[in-house]
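Colleague: I'm new to this one, so can you walk me through it? I'd like to hear the reasons behind the labels.

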Amino acid sequence: MNALATLKPPERLTVSEWADKYRILSELDSAAPGHWRTSKTPYLRGVMDAFNRDYVHDITFCAGTQLGKTSAEQNMIGYAVAQDPGPMLVVYPSEKLAKFTSEKRLQPLFKLSPSLKNEFLERESKDLELTFRGMYIALVGANSASDLSSRPARYVFFDEIDKFPRWTGAEAGPLELAAERTKTFYNKKIVKVSTPTLKTGNIWQGWLHADIQYRYFVPCPHCGTMQVLEFGQVKWPHDADEAEARAAANYECKYCHGVIDDRQKPAMLRAGEWRGERKVKGRAHKIAFHLNSIYSPWLSFGDVAAKFLASKDEPSLLMNFINSWLAEPWEDKSSKLKSDVVMSKALPYDRGRMPAAAQLVTCGIDVQLDHFWFSVRAWGPHLTSWLVDYGRVETWADLETVINRNYADENGEIRNVNLACIDSGYNTDDVYAFCAAHMDVAVPTKGSSTTLKSRYSVTVLDKQQAGFGLRLYIMDPNQMKNFIASRMTIDAGARGSWNVCRDVEREYADQICAEQRVEKKDKKGHVSTVWEKISSHAANHLLDCETNNTLAAEILGVRYLMDPEPPDRREEEPEKDDWLGVDDNWL
């Protein structure tokens, strides 16, 4: 009887059918351990069952958070071991993550599944090499060239590929190295799963270059029209804060404008279907699926609205919302700025003046061999800033005039520079002496040649010509330029924006855009992102001035400035600790 059982062919099941019958979720892997049920996340059925199509060799799943994409990939892995064994490679962003996933997710999967526990040879396995009857699974980090290229594999699974390094040591990228291992298998399968980052990222490129692109359509419970769930149709009261939006948000049908609430979403998901846009004729070998977090059964429409409100005023948080919740790539306007972008930040105030909302004024100074460049910038709550003045001066006396000059806001109130940061790269001793003579307003700065963990550090100088106790501020210029670039993604005049005066000259804009962000790899294979001049002839002095302005703002604690209360409410309401505030929809 045992011999006959051994010879019995496996059941003809799809991945979703196998998972429903044999997948047991462990306490280490799920908040709801027990039998897997595809009916809880019906949109995963089409993704998983694509693995059963003989002619499909490459599957891309570009998805947001809280959707079960990693579980879907693990179901494919379990199915392959049980139904159609073959050598397998599973690639994670790092070896540490590969080991963690092996211990906490994959090994429990194999031990608990009735169809896998007898196939898994636990004693012969290691954390990064799992052994089965008739096959093995190698788990590797994307940064290890030797592990990626050392063995053939019929199946290759990539998890969170947008977190992979672009290069693997001195060799090609991890996707290319791993895919090379499948060349000898006519029935190979390559599966890529991730949330997107940039348009140039691995997962979005997989989506763009697929033979068929699938999106999940669900029916409106009112008119029945099939449609893709989009963030623009999530509605909440105009002036609502995060808590109010979470409670009141709903979804509006794009066609009949009917109001859809969270109670109706499960039925919509069950009645949904994947619809593909074909990009090639004939059979499709590369297919891709796209799904945002609005579909998640664990998230309400209010959760999505609240997350957006919490993210919209901070570019780094907004990037996470667009990537991880909407499953869309962040348009990295900051990688290469254009002077037209700077010119578009002009607001209706004159050079030499500033809006009344300004609370602090900084000056950034770039020292050259025989002259100086400067820019003066005003700052208000939420890191909103306005260019006040800029230019070139020839002498230290001229520079003294710049930092002591009276500037005025739109109401005529006089304001002065609170802090001037002066680059000490040229004429270092003269810079120290000038700052020592103007210690009430000026400090010397220096750009670090290495990446800093913080935005800046401070060291105390003991220079005879500068006076004892002068503080030198060492900054990370890449972090400061990243800040400027990210602020330029915000519309002019909106909260947190980086603005210029109406009569700003093109020369200023050109100098601000004289650098671009590039990836560099050192001799050890470490990849870093730095700012470099677009060309050797591009003048970037005013960008360096604005970098020093950003440092001055950090030193002064500009990020903690608060909105002043209206005069008629100051006596009625206590002060609120809400420096982020809630804006209208600047998007």
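Colleague: Let's begin with one residue: where does Glu 27 lie?

Modeller: Glu 27 lies in the loop between strand S1 (24–25) and strand S2 (34–35). Before we go on, this is a predicted model, where local features need pLDDT of at least 70 and side-chain atom pairs count only at pLDDT 80 or more, while totals for chains, interfaces and linings use all residues. Residues are numbered from 1 along each chain as its sequence is written, and side-chain values use heavy atoms, with hydrogens and water left out.

Colleague: And what makes something a strand or a helix here?

Modeller: Both are DSSP runs numbered from the N terminus: H or I over at least four residues for a helix, E over at least two for a strand. Counted that way, the protein chain has 18 helices and 29 strands.

Colleague: Why is Glu 27 called exposed?

Modeller: Its relative accessible area is 69%. The label needs over 50%, whereas buried means under 20% and partly exposed is in between (1.4 Å probe, protein chains only). So Glu 27 counts as exposed. Along the sequence Glu 27 and Pro 108 are 81 residues apart, but in space they are 9.2 Å apart, C-alpha to C-alpha.

Colleague: Why is Ser 424 called buried, then?

Modeller: Ser 424 has a relative accessible area of 5%, so it gets the buried label. You'll find Ser 424 in the loop between strand S23 (419–423) and helix H15 (428–437).

Colleague: Which residues is Ser 424 in contact with, leaving aside its neighbours within four places in sequence?

Modeller: They are Val 431, Tyr 432, Pro 444, Thr 445, Lys 446 and Leu 472. Contact means heavy atoms within 4.5 Å. Over the protein chain, 69% of the contacts between residues at least 6 apart in sequence join residues at least 24 apart. Buried residues make up 51% of its 587 residues.

Colleague: What makes strand S18 largely enclosed by the rest of the structure?

Modeller: Eight of the eight residues of S18 (residues 360–367) are buried, so the description follows. Both faces are covered: Leu 360, Thr 362, Gly 364 and Asp 366 are buried on one side, and Val 361, Cys 363, Ile 365 and Val 367 on the other. That every-other-residue split fits a general rule: in a regular strand the side chains alternate between the two faces of the sheet.

Colleague: How do you know that S18 and strand S19 pair?

Modeller: Strands pair if DSSP finds at least two bridges between them. S18 and S19 (residues 372–379) have eight, in the antiparallel sense. As one example, Cys 363 has Val 376 in S19 as its bridge partner. A hairpin of four residues joins S18 to S19. S18 also runs parallel to S23, with four bridges between them; there, Gly 364 is partnered by Cys 421.

Colleague: Why are strands S11 and S13 said to stand at the edges of their sheet?

Modeller: That open sheet has three strands in the order S11-S12-S13, with antiparallel pairing. S11 (234–235) and S13 (259–260) each have a single partner strand, so one side of each is left without a neighbour in the sheet. S11 and S12 (residues 250–252) pair over two bridges, and Val 234 has Tyr 251 in S12 as its bridge partner.

Colleague: What makes the space lined by Leu 383 and Phe 483, among others, a cavity?

Modeller: On a 1 Å grid over the protein atoms alone, a cavity is a set of points where a 1.4 Å probe fits but cannot get out, and lining residues have an atom within 4 Å of a point. A search of the whole structure finds one cavity of 30 Å³ or more. The largest cavity holds about 40 Å³ of space, a volume being the space filled by probe spheres set on the points, which are joined across faces, edges and corners. Its lining is Leu 383, Phe 483, Thr 550, Ala 553, Glu 554, Gly 557, Val 558 and Arg 559. Helix H18 (residues 541–556) gives the largest share of that lining, three residues.

Colleague: How is helix H4 covered, mostly or hardly?

Modeller: H4 is mostly covered, with 14 of its 15 residues buried.

Terms used: On a 1 Å grid over the protein atoms alone, a cavity is a set of points where a 1.4 Å probe fits but cannot get out, and a pocket is an open set with protein on both sides within 12 Å along at least five of seven lines; lining residues have an atom within 4 Å of a point.
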